Amino acid sequence: MNKKYFISLSIAAALTIGSLPTLATTASANSSVEDLKKQQDDVSSKKEEINGKISEKNSQIDQTINKQKDLESQIAEISTKLKDTETKIAEKTKEIDETTAKINKLKADIEELKKKIEERNELLKERARAIQEKGGSANYLDVLLGAESFGDFINRVTAVNTIVSADKKIMDEQKRDQEELEKKQAEVEKELADLESSKANLESLKKDLDSQKAKKAELFKQLEAQQATLKVEKADLEKESDELSKMEHQLEGEIQAEQARLAELARQREIERKRQAEAEAAKRAAAQQQATASSSGGSSSAAAPSAPVSAGAWTAPARGTITTNFGWDVLNGERRFHYGTDIAARGSVPISAAADGYVIKSHYSSSYGNVVYITHSINGQMYTTVYAHMSSSLVSTGQAVNKGDQIGYMGNTGFSFGQHLHFELYRGSWSASHSNAVNPRQYINF
Ligand SMILES: [Zn+2]
């Protein structure tokens, strides 16, 4: 079918489209869905990050709890040692008291003996004086020499001996007792010194244990404070995570609403487009009739023929040779995935719309060069086609096109090596990741 009327048709379509929500809005709405999805991705990854931090806090809290448990058992151990030490100190104190009492008793006994010895000494002196007074002499010998008779002498000797030896014996015994007591006192005093030194040791041990216990208790308190801080931080993170979840859901809702709005818009445009196509077809038929009537065989078509238009929903976008198919291939020595079909031909080669639809973008990009994006709605499925590297585009954003309408000329603009059409087909919308790209050969016979 001859496509020479495409320009007037496109202009008419574009004018009528003005009554509908503008396609510029639609194009930005398409990108607004992408924007929303990107926002949602950002929120999700932020939330993941926060959740990671929450589990980190949890393990930190567990660590402080374990440390506290450790400390509790250490404190219990120290307390047991302390109790034991306190008992020992009490025992030592009691022993010291007892020993001190013993020493005091010994001292008293010694004093008592000294007194007795002193008394005995006095007694002896008195006796000696009595004997001296009787005999007029200071010593026993005088007493003895003063005997008046042998009998008297014997009596005197016996008396002196008895007195002296009895007193001497008592005094010797008392002296021995005193020495023994003094020896015992020395021993007990040594015992007391030992007791006092071991009590001092125990007291220093107790002091040490007390300070250890205090340090551990302080550490426990610090861990408690640390734990409280961690719990607050965790609660903050959980709150943040909840808020991010809410945002995620909200964005999900917005995306769905936006997609529904776009689908409805596309449906309305399709209805409008069909209505216009019918009107244009009628107009065109009338014009053609007039043309054939006025001049017979005046050909004013383009320099090169467009690709023949196939029956059905789809047609090839250009005539030429398929140079690269959809799939893996090698470009400049590097393996890459080719998301479209390349068609090459020499000369001035027209590019046509692969199906009925709307131009959603016609612009220049450094990679695609002059490129046109067309959206199609076929049996309720949305498709997007992309025509890249064109030498020039003949359509503009918002324009309605019919299958086979010329949209530009094959070229070598953008990232291209030799004149060809790089053609992409998407089930759904175009994205930079090409996630919806399909092999055009599934739909089109080139
Ligand atoms: Zn290509």
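**A chat about the loops, zinc site and cores of a predicted model**

Q: Where does His-434 lie?
A: His-434 lies in the loop between E12 and strand E13 (437-438). Please note that this is a predicted model.

Q: And what about phi of His-434?
A: Phi of His-434 is near 60 degrees, a positive value in a residue other than glycine. As a general point, most residues other than glycine have a negative phi.

Q: Is His-434 buried or exposed?
A: His-434 has 17% relative accessibility, so it counts as buried; the cut-off for buried is under 20%.

Q: Which other residue has a positive phi although it is not a glycine?
A: Asn-379 does, with a phi of about 50 degrees. Asn-379 sits in the loop between E7 and E8. Because its relative accessibility is 81%, Asn-379 counts as exposed.

Q: Changing topic: which residues are the protein donors of the zinc ion?
A: They are His-338 through NE2, Asp-342 through OD, listed twice, and His-422 through ND1. These donors lie 1.9 to 2.6 Å from the zinc ion.

Q: Why is the arrangement irregular?
A: The 4 donor atoms subtend angles of 56 to 156 degrees around the zinc ion, and this makes the arrangement irregular. For four tetrahedral donors, the ideal angle at a metal is 109.5 degrees.

Q: What spacing do the donors follow along the chain?
A: The donors of the zinc ion follow H-x3-D-x79-H. His-338 belongs to strand E3 (residues 334-338) and His-422 to strand E12 (residues 421-427), so the pair ties together parts that are 84 residues apart in sequence.

Q: Are those two, His-338 and His-422, buried or exposed?
A: Both His-338 and His-422 are buried.

Q: What is the volume of the largest pocket?
A: The largest pocket has a volume of about 820 Å³. It is lined by 36 residues, and the closest to its centre are Tyr-368, His-422, Glu-424, Trp-430 and His-434. Thus the zinc donor His-422 and the loop residue His-434 both appear in that group.

Q: Which element gives the most to the lining of the largest pocket?
A: H2 does, with 4 residues. Among the elements that each supply at least two residues are helix H2 (23-135), strand E1 (321-324), E3 and E12.

Q: Let us turn to the nonpolar cores. How many residues has the largest one?
A: The largest nonpolar core has 26 residues, and those with the most contacts inside it are Tyr-387 and Ile-407. Strand E7 (369-378), strand E8 (381-390) and E12 are the elements that give two or more residues to this core. Another core, of 9 residues, lies apart from it and includes Ile-103, Leu-106, Ile-110 and Leu-113.

Q: What does Ile-407 touch?
A: Leaving aside residues up to four places away in sequence, Ile-407 touches several residues, including Ile-351, Val-372, Ile-374, Tyr-387, Met-390 and Leu-394.

Q: And which residues does Gln-185 touch?
A: With residues up to four places away in sequence left out, Gln-185 touches Leu-106, Lys-107 and Ile-110. Gln-185 is part of helix H4 (residues 150-294), and it counts as buried because its relative accessibility is 15%. Gln-185 and Lys-102 are 83 residues apart in sequence, yet 8.5 Å apart in space, C-alpha to C-alpha.

Q: Finally, how many helices and strands has the protein chain?
A: The protein chain has 4 helices and 13 strands. Of its 446 residues, 34% are buried.

Terms used: Residues are numbered from 1 along each chain as its sequence is written. This is a predicted model: local features need pLDDT of at least 70, side-chain atom pairs count only at pLDDT 80 or more; totals for chains, interfaces and linings use all residues. Side-chain values use heavy atoms; hydrogens and water are left out. Donors are N, O and S atoms within 2.8 Å of the metal (3.2 Å for Na, K and Ca); water is not among the atoms, so sites may look incomplete. Four donors count as tetrahedral if all angles lie between 85 and 135 degrees; four count as square planar and six as octahedral if opposite donors are over 155 degrees apart and all others between 65 and 115; anything else is irregular. Buried means under 20% relative accessible area, exposed over 50%, partly exposed in between (1.4 Å probe, protein chains only). A nonpolar core is a set of buried Ala, Val, Leu, Ile, Met, Phe, Trp, Tyr and Cys residues joined through side-chain atoms within 4.5 Å. Contact means heavy atoms within 4.5 Å. On a 1 Å grid over the protein atoms alone, a cavity is a set of points where a 1.4 Å probe fits but cannot get out, and a pocket is an open set with protein on both sides within 12 Å along at least five of seven lines; lining residues have an atom within 4 Å of a point. Grid points are joined across faces, edges and corners, and a volume is the space filled by probe spheres set on the points.
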